[in-house]
Structures are given as C-alpha cells and as structure tokens.
Amino acid sequence: MRDIAVFSGSAHPDLAAEICDHLGVPLLPTRTSRFANDCIEVQLQANCRERDVFLIQPLVPPVQENLVELLFMLDAARGASAGRITVVLPHYAYARSDKKDAPRISIGGRLVADLLTTAGADRVLAMTLHSPQVHGFFNIPVDHLHALQELARHFRGYDLSNTVVVSPDLGNAKEAAAFARLLGVDVAAGAKQRYADDKVVISTIIGEVADRDVIVLDDEIAKGSTVFELLDRLRERNVRSVRVACTHGLFAANAVQRLSDEKEIEEIVCTNTVPIPVGGRTDKLTILSVAPALAEAMRRIHNGESVSALFA
C-alpha cells in the first residue's frame, strides 16, 4: 500500500498506531507546535503529494483544541498537494448538536461539518454518529461505521437465554433493535425526556424486562445521567442483572467509577474510539477494539471497494 499516508493528531495516537498495525503501514509523524501568542502550527512530516491521505482524530476533550488541530492538518495536507484527504472521525462530538431545540442556538454538527469540508476534507469515515441525520450535514461522501458487531461478538460469550436489550430512549431504539437481532434476543426502550445536559427523566420502559438479564445499549456515555436514571426504572421492575454497553466511553466526571459502584451493574463495555480518562479503569470495565474495523474500512476506501459490505 505504497500510495497511502496515515497521520494522527494528538487526540488518540494509540488508536491510530493500532489501525496502522492492522493496515501494515507506518503511522507518519505530525508535529504540532505553539507560538508565544498561543496560536498553533501543524506540520505533516512526510510526503503527501498525490497520495491517499488519512487523518485520524476523534473529537474528544479538549474538543476545541483537537478540532482546530484537525483543521490545520487538513489545510497542511491540501497545501502539500495530497491526492485525496479522508478524515477518520472515530468520535464526532458535535453530532449531538444536530437540531434547533431552543431559540437562537447554533447547530454545531452542521457548522463543524462545513469547517472540515472547507479546510480540505474530501471524505469522512465516522463511527456511530449520535443520530442518523448528522450524516446529511456533510456535503462530501461519508462512510458511517458502527460497533454493533464488536459488541455482539463480546456478549455472545454469555448465556443470553433470558436477556433483553434496552435502549435508554426511543431515538436509539432502532440501533438497539438491530443489536438485539444480532444476539437473537428481545428489545425494550425507555421513554426519555432531556431537560439539560445532565438532567434527564425516564418515565417508563416499553417492553418486558422484569426478572430478565438486561443489556443497556447507548451510543455514548459521558456523565452517565441517562444510565443512572434508567437504572432506577430497571430496579423498580426487579431485573435480574444489568450490563451496560456503548461505543464511545467518554466517562466524564468519574462516571465509570460511579457506574461500577452500582451493585446491579455487572459489567461496563465500551470500545476504544476515545481514550479512557486517566484513572477511569475499573475491574468492571471491558474495552473492545474497533481498530480492525476502521483499518479494513480505510483499506476498502483506498482500493475503491464497498464499505457497506462490511455489514452484510
């Protein structure tokens, strides 16, 4: 794969290195420096001319710093005459800003998509966007992966004869139903209303969960407010056990430790789309790698092959 060039920003170099190991190509060096006036400068320290360039950068805290670094990487690759530039976004944080649900607010998901395109992106490879409409915010090709296969492969190792997959809200119910089909189990969903970033109310659960083993599936866990609220409703229905699964384990505000302290929760499963916070690992936490899936998608993009065939 001589014509491919893979670079990583500062957000998650470990994932980028693992992806390159699966691709069998080197992770090329990037230098980010900061001037006295706090402006940054990014240099891609390998040849890009007419090469198929991939820039790997999840938008994780500090989100704004990592976003600007990615924009500068794009500008550098475009200025170096890259043949094609693909942004690999394992986590697109601004996907949660996908609608105008209050007066005079910005729709960050669309704005950041425009910024990436303007900076030089020719296509995007994303993993588990927060909502389907975010795909349409980009006016360039988007390959949208999910981690359901990796999660399902893990949970097939358990006795699933009395298991139900529970989505915390109706918006994620379609994804939960697809996951339940992969496992051959039932599905249920919570009726959720969000009043603030860390204030949610789940009034009821639609579906049978009493005396069942529950797998809670969500796209991401930040502070864990939704999971804690759902856990209260599950306790009221006397579920037998609870396992929590998500793609993006952000685990802000010591969320993973607080979830681990709940006796009903037997396991917390996430992928490595984002780096786990320092001190955020517990005995109940299992981290699955999506590097093979991202590497295969990048290989298919590079060779002009179908990416959707990965989910056939």
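Helices (H or I, at least four residues) and strands (E, at least two) are DSSP runs, numbered from the N terminus. This is a predicted model: local features need pLDDT of at least 70, side-chain atom pairs count only at pLDDT 80 or more, and totals for chains, interfaces and linings use all residues. Residue numbers start from 1 along each chain as its sequence is written, and side-chain values use heavy atoms, leaving out hydrogens and water.

**Pocket and cavity**

The search runs on a 1 Å grid over the protein atoms alone. A cavity is a set of points where a 1.4 Å probe fits but cannot get out. A pocket is an open set with protein on both sides within 12 Å along at least five of seven lines. Lining residues have an atom within 4 Å of a point. Grid points are joined across faces, edges and corners, and a volume is the space filled by probe spheres set on the points.

The second largest pocket holds about 200 Å³. Its lining has 13 residues; His-12, Asp-14, Pro-275, Ile-276 and Arg-281 lie nearest the centre. Helix α1 (residues 13–23) gives the largest share of that lining, four residues. By class, the lining has eight nonpolar, two polar and three charged residues. Here Ala, Val, Leu, Ile, Met, Phe, Trp, Tyr, Cys and Pro count as nonpolar, Asp, Glu, Lys and Arg as charged, and the others, Gly among them, as polar.

One cavity of 30 Å³ or more is counted. The largest cavity has a volume of about 50 Å³. Among its lining residues are His-91, Arg-96, Thr-128, Asp-219 and His-248. That lining splits into five nonpolar, four polar and three charged residues.

**Helix pair**

Helix α2 (residues 63–79) and helix α3 (residues 108–119) have axes that come within 8 Å and cross at roughly 25°. Axes are lines fitted to C-alpha atoms, for helices over the stretch in contact, and angles run from 0 to 180 degrees between N-to-C directions. The two helices are therefore roughly parallel (angles under 35 degrees).

**Backbone outliers**

Most residues other than glycine have a negative phi, and most peptide bonds are trans. These sites depart from that pattern:

| Site | Value | Place |
|---|---|---|
| Pro-61 to Pro-62, cis | omega about -5° | Pro-62: loop between β5 (52–56) and α2 |
| Asp-38 | phi near 80° | loop between β3 (30–34) and β4 (40–44) |
| Thr-128 | phi about 50° | loop between β7 (123–127) and β8 (142–145) |

Thr-128 also lines the largest cavity.

How values were computed
Parallel < 35°, antiparallel > 145°, perpendicular 65-115°, else oblique.
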